[in-house]
Amino acid sequence: MQSGKATAGDSGKIQITTGISELAESGIISLSTGEATGTTQDSGALLIGTGKATGSSGAISITGGTGKGGNGGALTLTAGGVTDSTSHEGGDVTISSGSSEKSSSGAITIGSPDAGDAADAVSGAITLSTGKGGTDTSGGSSGSITLST
């Protein structure tokens, strides 16, 4: 699927949405690669990106929905896990700001917004944690948390 080419103006828009529902959920959009079922075959990657630009490059925004009669939508990023193997590690999660050849790199902000105006409202917590080390007799270590400038 691809939008059209433009020599002047925007190149087009591709929008994938589910329909409006008045009595139930509005639907699900699921993007995934197929399962690789061979002995040691890899599944495909899912790539989301914007194109290069001679001006500002496009932004990527992933947002959970806003709830009115219930909670807001959650956002979960989880790297791939490994089952039935003692020699392969789970996938890493990397969050990096953009670089600049001539100026400042981008900032990374992790925060929880102010709580609502209810008397018992609490601003959301921020937790950094690592898992326990291995449980066999060699006693693996827990991961570390490093803050540096």
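This passage looks at the pockets, a surface patch and a couple of single residues in a predicted model.

To start with the open spaces, the largest pocket takes up about 720 Å³. Its lining is made of 18 residues, and I60, I62, L77, I95 and S96 are the ones closest to the centre. Sorted by type, this lining comes out even: nine residues are nonpolar and nine are polar, with no charged ones.

The second largest pocket comes in at about 530 Å³. Around it sit L31, then the run L46, L47, I48, G49, T50 and G51, and finally A59, I60, S61, I62 and T63. Here seven lining residues are nonpolar and five are polar, and once again no charged residue turns up.

Turning to the surface, M1, I14, I16, I29, L31, L46, I48, I60, I62, L75 and L77 together make a nonpolar patch of about 1,200 Å². Some of these names have already come up: I60, I62 and L77 are part of the patch, and they also belong to the residues closest to the centre of the largest pocket. Likewise, L31, L46 and I48 help make the patch while also lining the second largest pocket. As for M1, another patch member, this residue counts as exposed because its relative accessible area is 82%, which is over 50%.

S43 is a different case: its relative accessibility is 47%, so this serine is classed as partly exposed, between the 20% and 50% cut-offs. Leaving aside residues up to four places away in sequence, S43 touches T33, G34 and A36. G70 lies 27 residues from S43 in sequence, and their C-alpha atoms are 36 Å apart in space.

Methods
Residues numbered from 1 in each chain as written. Predicted model: local features only at pLDDT ≥ 70, side-chain atom pairs only at ≥ 80, totals over all residues. Heavy atoms only, no water. 1 Å grid on protein atoms, 1.4 Å probe; cavity = no way out; pocket = protein on both sides within 12 Å on 5 of 7 lines; lining within 4 Å. Points joined across faces, edges and corners; volume = space filled by probe spheres on them. Nonpolar A, V, L, I, M, F, W, Y, C, P; charged D, E, K, R; others polar. Patch = residues over 30% accessible without salt bridge, like charges linked within 9 Å, V, L, I, M, F, W, Y side chains within 5 Å. Areas by Shrake-Rupley, 256 points an atom, 1.4 Å probe, with all protein chains shown as cover. Salt bridge = Lys/Arg side-chain N within 4 Å of Asp/Glu carboxyl O. Buried < 20%, exposed > 50% of the residue type's maximum accessible area, 1.4 Å probe, protein only. Contact = heavy atoms within 4.5 Å.
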